[in-house]
Amino acid sequence: MNAINRETGAFRAQAALSRPRRRKKGRALLAVLAVAAAIYALIEVKMIERLLPIEWFREVPPVTGLHPIVAENRDRLVAQSQAIGIDVVITDDFRSEEEQNALYRKGRGEEGAIVTQVKGGGSYHNYGLAIDFALRIPGGDVIWDLKYDGNGNGQPDWMEVVAIAKKLGFSWGGDWKSFPDYPHLQMDFGYSIGELQRGWRPPLQPE
Ligand SMILES: [Zn+2]
């Protein structure tokens, strides 16, 4: 018994010298393969692909105008507001990154008040997913008055327009806690600015 034990002991001792290295290498390789497989699976089920730049997958054409669904709802907003006696003016829609940067410089070294908190690429306008509105009053003046009640129904026209916009699926910049942007309406289709900056775009047709 002793001899056998001593023998196995010796065998074990020898094995202990040579095995762990091979085992460690094998385990590391398995771990790498498992991580690679997991990443591949997550990309396949589209859980993490939007964390990656889209150029890794395909080419995307630059955005040059308003998203068609946003444009459609902009027209609905104007028409539905008109129907209750409110003249809505769309003061801005798609903005190129250069235009956004020019806007950003306003009030920062350039004359005038600060009009935006974001540089080029940081606004939903840069992806054709946002519009800005104002009200036109009889006589033709354009106003940004949140309390004006031109149709005389006891409710501020501005908030009536916002209510219509929300029903159409827009979210309103006036709801933002840090820098409320009262003329601003956007449709993000579930895309964050980071995702849009990485080149991801909402489909042009509803899915
Ligand atoms: Zn805006």
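User: How many residues does the chain have, and what percentage of them count as buried?

Analyst: In this predicted model, the chain has 207 residues, and 31% of them count as buried. Contacts add to that picture: among those in the chain with a separation of 6 or more, 59% are accounted for by residues 24 or more positions apart.

User: How many helices and strands are there in the chain, and what pattern do they follow along the sequence?

Analyst: The chain holds five helices and five strands, and reading along the sequence gives the pattern α-α-β-α-β-β-α-β-β-α.

User: How should I read a single helix, and which residues of H4 are buried?

Analyst: An α-helix has 3.6 residues a turn, so residues three or four places apart point the same way. In H4, the buried residues are Asp157, Trp158, Glu160, Val161, Val162, Ile164, Ala165 and Leu168. These buried residues pack against helix H2 (68-83) and against the strands E1, E2 (130-136), E3 (142-143), E4 (171-172) and E5.

User: What span should H4 have, and what does the model give?

Analyst: Helix H4 covers residues 157-168, and because each of its 12 residues is taken at 1.5 Å, with the count reduced by one, the expected span is 16 Å. The C-alpha atoms at its ends are 17 Å apart, which agrees. Just after H4, glycine 169 takes a positive phi of about 110°.

User: Which protein atoms are donors of the zinc ion, and how are the donor residues spaced in sequence?

Analyst: The protein donors are His125 through NE2, Asp132 through OD and His184 through ND1, lying 2.0 Å from the zinc ion, and the spacing of the donor residues in sequence is H-x6-D-x51-H.

User: Why does histidine 125 count as it does, buried or exposed, and what about aspartate 132?

Analyst: The cut-off for buried is under 20% relative accessible area. Histidine 125 counts as buried because its relative accessibility is 2%, and aspartate 132 is buried because its relative accessible area is 10%.

User: How is empty space found, and which residues lie nearest the centre of the largest pocket?

Analyst: Rolling a probe the size of a water molecule over the atoms shows where empty space is left. Here the largest pocket holds about 600 Å³ of space, and among its 25 lining residues, Val115, Thr116, Gln117, Trp176 and Asp181 lie nearest its centre. Strand E1 (88-92), helix H3 (97-105) and strand E5 (184-186) each supply at least two residues of the lining. By character, the lining residues divide into 10 nonpolar, 10 polar and five charged.

How values were computed
Residues numbered from 1 in each chain as written. Predicted model: local features only at pLDDT ≥ 70, side-chain atom pairs only at ≥ 80, totals over all residues. Heavy atoms only, no water. 1 Å grid on protein atoms, 1.4 Å probe; cavity = no way out; pocket = protein on both sides within 12 Å on 5 of 7 lines; lining within 4 Å. Points joined across faces, edges and corners; volume = space filled by probe spheres on them. Helix = DSSP H or I, 4+ residues; strand = E, 2+ residues; numbered from the N terminus. Nonpolar A, V, L, I, M, F, W, Y, C, P; charged D, E, K, R; others polar. Buried < 20%, exposed > 50% of the residue type's maximum accessible area, 1.4 Å probe, protein only. Contact = heavy atoms within 4.5 Å. Donors = N, O, S within 2.8 Å, 3.2 Å for Na, K, Ca; no water.
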